[in-house]
Amino acid sequence: MYCLKQMKERAWQFIDAHQEDMLAIWQRLVQIESGSMDRAGIDAVAQTIQQQMDSLGAVTRRINMPHTGSMLVSSWGKSKAAPILLLGHMDTVFPKGTIKERPFTIQNGKAYGPGVLDMKGGIVIALYAIKALQAAGYSTRPIQLILAGDEELGHQHSSAAACIQKEAKGAIAAFNCETGFLDNGLVVQRKGSAVFEMCVQGIGAHAGNNPKGGRSAILEMAHKVIDVQNLTDWSAGITFNVGIIQGGTVVNAIPDRASMQIDVRYLNPEDIGMIQQQLQQIAAKQYVPDTKTIVRQVVGFAPMKRIEGTDALFDVVKRTYQEMNLPEPHAMLIGGGSDSAYTVLAGVPTICAMGVKGENNHTLREYADVSSLFERAKVLAACVMNRK
């Protein structure tokens with residue numbers, strides 16, 4: 001027990017001694033623009049992380065994705081025991097050029113910049129937790145770092161989700177360094193998410209000269225918006241939200257086309273088949289004669305289930321916080337998806353939202369609490385050591 005305590009103290013001392021280095025690599029990663037379709041930017045982030053991992057003696061692979069940035073898988077440690085996974089993603093939601101308007105800055109203890117919170121800070125935490133473990137002499141289990149290149153798109157253009165499941169097989173635990181919450185909540189369960197597009201084809205006609213000759217796609221869509229919203233089942237944890245509607249061309253024409261995008265959240269993986277069937281039934285129903293409706297799934301995240309072993313792993317994290325005299329975390333179920341879904345599908349207990357804390361990710365007001373960068377790196381390193 002004394003040796004373990006000593007190792008933790010060495011790891012924490014390493015983090016304290018390398019705060020400036022952590023800030024520098026954080027700034028470097030944020031300054032590399034890496035929107036989900038920016039292959040060059042994502043690959044530049046991957047190259048930066050690979051150089052850091054290579055300096056630790058890690059074995060790193062790049063998994064090429066034809067239409068998005070590559071995925072990075074880096075394994076550190078020579079132990080033959082089951083590994084512990086650290087997860088993250090290298091892409092952001094921000095378009096190229098954003099960095100000129102919002103460069104990496106720190107003001108009043110808060111860091112700003114595109115992706116500073118979601119999730120360049122989390123990558124730094126994972127990286128320096130590994131460095132701290134090496135400095136402390138940890139060798140109990142290998143650590144595998146998995147960083148996806150298109151998480152923000154739900155991997156709709158890649159096989160990254162399947163790759164994460166494959167890489168995660170056999171691991172004993174996973175910590176996802178996704179966006180952290182200011183109230184110290186840690187995620188043990190996430191709803192699955194899916195985006196569907198429903199399109200109506202009608203018949204266009206002049207609204208003044210030939211109103212009876214038209215078949216309004218917007219009118220057909222209006223009925224179906226209500227049908228879709230009425231599918232929400234609060235008791236089952238399934239919600240439907242029509243978030244975008246488009247249709248028509250000019251005000252004096254019967255619209256010949258309309259579309260809507262539907263966000264769906266659900267708890268159980270088996271629910272997605274029912275959800276798809278419900279939307280197909282709505283598409284097949286016809287309110288306006290001679291219209292035709294099609295529906296397709298655009299993107300989706302599987303649910304992160306609270307599987308056997310999740311609560312025990314959360315207890316490890318909770319005890320670590322107590323040991324460090326930090327405010328205790330609380331377990332959360334949230335609606336947003338993450339790659340934790342795929343480690344869970346591989347049977348690996350996973351704690352998510354272990355990254356830097358902050359608010360307003362995906363917006364121009366995104367910021368991260370700087371002190372939490374160091375705190376979370378210490379916590380993560382200690383959690384790895386406590387998960388024997």
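In this predicted model, helix α2 (residues 19–31) and helix α5 (residues 116–136) have axes that come within 10 Å and cross at roughly 140°. Elsewhere, four strands form an open sheet, and helices α7 and α8 pack on that sheet. Let's take these two parts in turn.

**The helix pair α2 and α5**

- Two packed helices are described by the angle between their axes and the distance between the axes.
- An angle over 145° would count as roughly antiparallel, so α2 and α5, crossing at roughly 140°, are oblique to each other.
- Their crossing is right-handed.
- On the α2 side, the contact is made by Asp21, Met22, Ile25, Trp26, Leu29 and Val30.
- On the α5 side, Val116, Lys120, Gly121, Ile123, Val124 and Tyr128 take part.
- Sorted by class, this contact has nine nonpolar, one polar and two charged residues.

**The four-stranded sheet**

- Reading across the sheet, the order is β11-β13-β9-β14, and the pairing is antiparallel.
- β11 (239–247) and β14 (292–301) are the edge strands; each has a single partner strand, so one side of each has no neighbour in the sheet.
- From one strand to the next, the twist averages 20°.
- β11 and β13 (residues 257–266) run antiparallel and are joined by eight bridges.
- Within this pair, Thr239 stands opposite Arg265 in β13.

**Helices packed on the sheet**

- Helix α7 (residues 217–229) touches β9 (192–201), β11, β13 and β14, and its direction makes about 10° with that of β13.
- Helix α8 (residues 271–284) also touches β9, β11, β13 and β14, and its direction makes about 15° with that of β9.

Conventions:
Residues numbered from 1 in each chain as written. Predicted model: local features only at pLDDT ≥ 70, side-chain atom pairs only at ≥ 80, totals over all residues. Heavy atoms only, no water. Axes fitted to C-alpha atoms, helices over the stretch in contact; angles between N-to-C directions. Helix = DSSP H or I, 4+ residues; strand = E, 2+ residues; numbered from the N terminus. Parallel < 35°, antiparallel > 145°, perpendicular 65-115°, else oblique. Left-handed = near helix turned anticlockwise from the far one by under 90°. Contact = heavy atoms within 4.5 Å. Nonpolar A, V, L, I, M, F, W, Y, C, P; charged D, E, K, R; others polar. Pairing = 2+ DSSP bridges.
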